[in-house]
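Good morning, colleagues. Please take a moment to look at the sequence and the model on the screen before I begin.

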Amino acid sequence: MSLNTKAGAVMKGLNIFAGKADPIIKPDAAYPSWLFDLLNERPTSSQDLAPEQLLSVKYLRIQNRERIKTVALSMK
């Protein structure tokens, strides 16, 4: 199954409202920039992060996850 992802294409089957037409794809500029980042791979460890991300919430979550894994492994 191939999807036509060009602006103006009709996305059949994505309508969630009764009695309304299927949505039409808008140009990329019509969507927020963060939307396209959702499909990017997320870092799996703190070594994969860029320096400017080291103090971000994402970094803190990754550090906490690694700490929990270390403690769990030491209990075995």
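Let me start with leucine 39, which is placed in the segment before α1, the helix spanning 57–74. Please bear in mind that this is a predicted model.

Is leucine 39 buried or exposed? Its relative accessibility is 82%, and exposed means over 50%, so leucine 39 counts as exposed. Leucine 39 also belongs to a nonpolar surface patch of about 590 Å². The other members of that patch are Trp34, Leu35, Phe36 and Leu38.

Two of these names, Leu35 and Phe36, bring us to the largest pocket, since they appear in its lining. Lining the pocket with them are Thr5, Ile25, Lys26, Asp28 and Tyr31. How much space lies in the largest pocket? The volume is about 160 Å³. By character, the lining comprises four nonpolar residues, one polar residue and two charged ones.

I turn finally to alanine 9, which is likewise found in the segment before α1. Alanine 9 counts as buried because its relative accessibility is 10%, and the limit for buried is under 20%. Along the chain, alanine 9 and lysine 26 are 17 residues apart, and 8.3 Å separates their C-alpha atoms. Lysine 26 is also one of the residues that line the largest pocket.

Thank you for your attention.

Definitions and conventions: Residues numbered from 1 in each chain as written. Predicted model: local features only at pLDDT ≥ 70, side-chain atom pairs only at ≥ 80, totals over all residues. Heavy atoms only, no water. Patch = residues over 30% accessible without salt bridge, like charges linked within 9 Å, V, L, I, M, F, W, Y side chains within 5 Å. Areas by Shrake-Rupley, 256 points an atom, 1.4 Å probe, with all protein chains shown as cover. Salt bridge = Lys/Arg side-chain N within 4 Å of Asp/Glu carboxyl O. Helix = DSSP H or I, 4+ residues; strand = E, 2+ residues; numbered from the N terminus. Buried < 20%, exposed > 50% of the residue type's maximum accessible area, 1.4 Å probe, protein only. 1 Å grid on protein atoms, 1.4 Å probe; cavity = no way out; pocket = protein on both sides within 12 Å on 5 of 7 lines; lining within 4 Å. Points joined across faces, edges and corners; volume = space filled by probe spheres on them. Nonpolar A, V, L, I, M, F, W, Y, C, P; charged D, E, K, R; others polar.
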